[in-house]
Amino acid sequence: MATTNEPFAFEEDDIVTMRDLGQNAAKTIDRINESGRPALVTRHGRPQAAIIPLANAHIATTVLAHPDSALRKSVVAAEEELAKDGAISSADVAKALGLKPRR
């Protein structure tokens with residue numbers, strides 16, 4: 001894999017142009033999910049976005065794994081607020097029902 005100045009190093013097959021994405025969105029997303037590797041979206045040769053495959057991942061696990069994620073901060077704050085009010089967490093409900101947590 002070639003090293004780039006981008007935060008991630010992408011192989012040539014992992015780079016998709018904005019035009020190709022617009023014309024072949026479904027095929028492109030399917031390819032990304034099948035490969036399990038993120039893709040770099042470019043416009044005029046410049047990086048614009050990254051697409052992360054989630055077909056075989058639990059989105060909550062993926063998003064909440066990042067400590068600076070706004071969603072993670074929001075979920076943590078909501079759980080803290082619920083705990084103050086005596087609410088039962090979803091993890092405790094699952095445990096009480098004998099359900100195994102998702103991994």
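A residue is called buried here when its relative accessible area is under 20%, exposed when that value is over 50%, and partly exposed in between. With that yardstick in hand, let us walk through this predicted model. Of the protein's 103 residues, 14% count as buried. The protein exposes about 8,300 Å², and carbon and sulfur atoms supply 55% of that area.

**The overall layout**

The protein has 5 helices and 3 strands. Following the chain from its start, you meet them in the pattern β-α-α-β-β-α-α-α. If you take the contacts between residues at least 6 apart in sequence, 32% of them join residues at least 24 apart.

**The sheet**

The 3 strands make an open sheet, ordered 1-2-3, with mixed pairing. Strand 1 and strand 3 (46–51) each have a single partner strand and stand at the edges, so one side of each is left without a neighbour in the sheet. On average, neighbouring strands of this sheet are turned by 35° against each other, direction ignored.

What makes the pairing mixed shows up when you look at the two pairs in turn. Strand 1 and strand 2 run parallel and are joined by 3 bridges. Strand 2 and strand 3, on the other hand, pair in the antiparallel sense over 5 bridges.

T42 is a handy residue for seeing both pairings, and its place is in strand 2. Towards strand 1, T17 stands opposite T42; towards strand 3, T42 stands opposite P47. Leaving aside neighbours within four places in sequence, T42 is in contact with I15, V16, T17, M18, P47 and Q48. Is T42 buried or exposed? T42 counts as buried, because its relative accessibility is 10% and the cut-off for buried is under 20%.

**The turn between strands 2 and 3**

The hairpin of strand 2 and strand 3 has 2 residues between the strands. H44 lies in that loop, and H44 is worth a look when you check the backbone. Most residues other than glycine have a negative phi. H44 is not a glycine, yet its phi is positive, at about 55°. H44 is also exposed, with a relative accessible area of 76%.

**Helix 2 and its contacts**

Two residues of helix 2 help to place this helix against a later part of the chain. N33 lies in helix 2. Setting aside neighbours within four places in sequence, N33 is in contact with P53, L54, A55 and N56. N33 has a relative accessible area of 19% and is therefore buried, since the cut-off is under 20%.

I29 also lies in helix 2. How far apart are the C-alpha atoms of I29 and L54? They are separated by 9.8 Å, while the two residues are 25 apart along the chain. I29 is partly exposed, with a relative accessible area of 33%.

**A salt bridge**

Side chains of opposite charge can pair when their charged atoms come close. The count of salt bridges in this model comes to 1. It is formed by D14 and R37, whose closest N and O atoms are 2.8 Å apart. The pair links distant parts of the chain, with D14 in the segment before strand 1 (15–17) and R37 in the loop between helix 2 (25–35) and strand 2 (39–43), 23 residues apart. The two partners differ in their cover: D14 is buried, with a relative accessible area of 6%, whereas R37 is partly exposed at 34%.

**A nonpolar patch on the surface**

Which residues form a nonpolar patch on the surface? They are I88, V93, L97 and L99, and together they have about 410 Å² of accessible area. One of them, L99, sits in the segment after helix 5 (90–96). L99 is exposed, with a relative accessible area of 51%.

**Accessibility at a glance**

The table gathers residues discussed above.

| Residue | Relative accessible area | Class |
|---|---|---|
| D14 | 6% | buried |
| T42 | 10% | buried |
| N33 | 19% | buried |
| I29 | 33% | partly exposed |
| R37 | 34% | partly exposed |
| L99 | 51% | exposed |
| H44 | 76% | exposed |

Terms used
Residues numbered from 1 in each chain as written. Predicted model: local features only at pLDDT ≥ 70, side-chain atom pairs only at ≥ 80, totals over all residues. Heavy atoms only, no water. Patch = residues over 30% accessible without salt bridge, like charges linked within 9 Å, V, L, I, M, F, W, Y side chains within 5 Å. Areas by Shrake-Rupley, 256 points an atom, 1.4 Å probe, with all protein chains shown as cover. Salt bridge = Lys/Arg side-chain N within 4 Å of Asp/Glu carboxyl O. Helix = DSSP H or I, 4+ residues; strand = E, 2+ residues; numbered from the N terminus. Buried < 20%, exposed > 50% of the residue type's maximum accessible area, 1.4 Å probe, protein only. Pairing = 2+ DSSP bridges. Axes fitted to C-alpha atoms, helices over the stretch in contact; angles between N-to-C directions. Contact = heavy atoms within 4.5 Å.
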